[in-house]
Amino acid sequence: MLRCLNPWRRPLLSCSWSRLCLFKQYLFTMKLQSPEFQSLFTAGLKSLTDLFVKENHELRIAGGAVRDLLSGVKPQDVDFATTATPAQMKEMFQSAGIRMINNKGEKHGTITARLHEENFEITTLRIDVVTDGRHAEVEFTTDWQKDAERRDLTINSMFLGFDGTLFDYFSGFEDLKNKKVRFVGHAKQRIQEDYLRILRYFRFYGRIVDKPGDHDPETLEAIAENAKGLAGISGERIWVELKKILIGNHVNHLINLIYDLDVAPYIGLPTNASLEEFNKVSKNVEGFSPKPMTVLASLFKVQDDVTKLDLRLKISKEEKNLGIFVVKNRKDLVKAADSSEPLKPYQDFIIDSRESDATTRVCELLKYQGEHRLLEQMQQWCIPPFPGHRIQSRLRAVRTEPDVGLELMRCERRLTD
């Protein structure tokens, strides 16, 4: 049931939520009562909210968790915001005998409390005083709208009270309903506060929007003008966002847009990328849960491109090895011309390999190549055991000798053929 106090504002949805629409400055509120929301109320959360009520401090769910709940999804992580300062929270928790962990976030206003075997990350409302495109100096506030103003996207700028009241200062709920990704305020200003927000925009576009190409021209202009700011962002932070883009929706559109807006050189991607190969591979892997590197490898023309990416983004050894493997084998390791045993070259490769993750790499290569039927067969295939259990264990022991190990593998191949 929806009661709207402003006749010029139309009801947004017809569903089972109870709502109240009102304006307070730019504030839109409504009441959310959903199973996903109710499922958050564990013993730990109830104890936490009771404590904040007792000490007369406001506490609300913030950011991405609110977005997920409004989308009908139970959030994996829940962040909390409060009017209490870090010092007030510490005093409150110490008096209540509540353990606090990970004090590294305290200088940014974040205290992590542990109640009933759960961790709760709570951050004081903040205003950015000085920003340099990477970090911000903050001061604390009790103004919820001021804190919302400093957040990146409208869909991430909402708060939710524990009675189900939504607090939305920048039409985040309306944007979420319309599947629109917008920066809070002016895109240029938000980006210059933290240049990583360029990649966050692309990531959430792939997560929220139904179709590619539905961008605000002002947003794209702001991204193109400020792309070089990403050069000062750490590789680790860039890789976290880029990986999510690569396995999200509209990856083909978004990577091409990253190149069109000249973002690519500042995040470690090759300037002479094979976009035609990427377009083909991004279609091949659709619906098959590829690893991010499997998709990204299609941009690389030579193995050295993977090494250069590693220097910029500090990717893991496993990711680097997968990238090199795909680039090295994508043209040569292919299905057999003999249609009776098309999987045999891949099986032979795995048997000959001494790597424990050979099967995983081959499965990623099959996704890359679009060999979906062979992928299904490979996922059900196991390396045949070498005849004689005792002999097999002895052979494994001597495989460390290069010449002997090579000859034994050849013998094993002949026995399994």
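**Entry 1: helices α16 and α17**

At what angle do helix α16 and α17 pack, and how far apart are their axes? I looked this up in a predicted model. Helix α16 covers residues 344–352, and its packing angle with α17 is about 155°, the axes being 9 Å apart. I recalled that an angle between axes and a distance between axes describe two packed helices. An angle over 145 degrees counts as roughly antiparallel, and α16 and α17 are therefore roughly antiparallel to each other. I also recorded that α16 passes α17 in a right-handed crossing.

I then listed the residues that make this contact. From α16 they are Y346, F349 and I350, and from α17 they are A358, T359, V362, L365, L366 and Q369. By class, I noted seven nonpolar and two polar residues in the contact of α16 with α17, and no charged ones.

**Entry 2: helices α15 and α17**

I next examined α17 (residues 358–369) together with helix α15 (residues 317–329). Their axes come within 10 Å and cross at roughly 55°. Angles from 35 to 65 degrees fall outside the parallel and perpendicular classes, and α15 and α17 are therefore oblique to each other. The crossing in which α15 passes α17 is right-handed.

Which residues of α15 meet α17? I found N321, L322, F325, V326 and N329 on the α15 side. On the α17 side, I found R361, V362, E364, L365, Y368 and Q369. The contact of α15 with α17 has six nonpolar, three polar and two charged residues.

I compared the lists for α17: V362, L365 and Q369 appear in the contact with α15 and also in the contact with α16.

**Entry 3: strand β12 and its partners**

I turned to strand β12, residues 165–168. In a regular strand, side chains alternate between the two faces of the sheet. In β12, T165 and F167 point one way, whereas L166 and D168 point the other way. Are these residues buried or exposed? I found that all of them are buried.

I recorded two pairings for β12. Strand β3 (residues 28–31) pairs with β12 in the antiparallel sense over four bridges, and F28 has D168 as its bridge partner. Strand β11 (residues 159–160) also pairs with β12 in the antiparallel sense, over two bridges. There, F159 has F167 as its bridge partner. The hairpin of β11 and β12 has four residues between the strands, and G164 in the hairpin takes a positive phi near 95°.

**Entry 4: strand β5 and its partners**

In which sense does strand β5 pair with β4? I found that β4 (residues 59–62) and β5 (residues 79–82) pair in the antiparallel sense over four bridges. The bridge partner of I61 in β5 is F80. With strand β8 (residues 118–124), however, β5 pairs in the parallel sense over four bridges. I noted T123 in β8 as the bridge partner of A81.

**Entry 5: residue T49**

I located T49 in helix α2, residues 43–54. Its relative accessible area is 13%. Since buried means under 20% relative accessible area, T49 is buried. Leaving aside neighbours within four places in sequence, I found T49 in contact with L59 and F162.

**Entry 6: the chain as a whole**

I closed with totals for the protein chain, which has 20 helices and 12 strands. Of its 417 residues, 48% count as buried. Among contacts with a separation of 6 or more, 62% are between residues 24 or more positions apart.

Notes: Residues are numbered from 1 along each chain as its sequence is written. This is a predicted model: local features need pLDDT of at least 70, side-chain atom pairs count only at pLDDT 80 or more; totals for chains, interfaces and linings use all residues. Side-chain values use heavy atoms; hydrogens and water are left out. Axes are lines fitted to C-alpha atoms, for helices over the stretch in contact, and angles run from 0 to 180 degrees between N-to-C directions. Angles under 35 degrees count as roughly parallel, over 145 as roughly antiparallel, 65 to 115 as roughly perpendicular and the rest as oblique. A crossing is left-handed if the near helix is turned anticlockwise from the far one by less than a right angle, and right-handed if clockwise. Contact means heavy atoms within 4.5 Å. Ala, Val, Leu, Ile, Met, Phe, Trp, Tyr, Cys and Pro count as nonpolar, Asp, Glu, Lys and Arg as charged, and the others, Gly among them, as polar. Buried means under 20% relative accessible area, exposed over 50%, partly exposed in between (1.4 Å probe, protein chains only). Two strands pair if DSSP finds at least two bridges between them.
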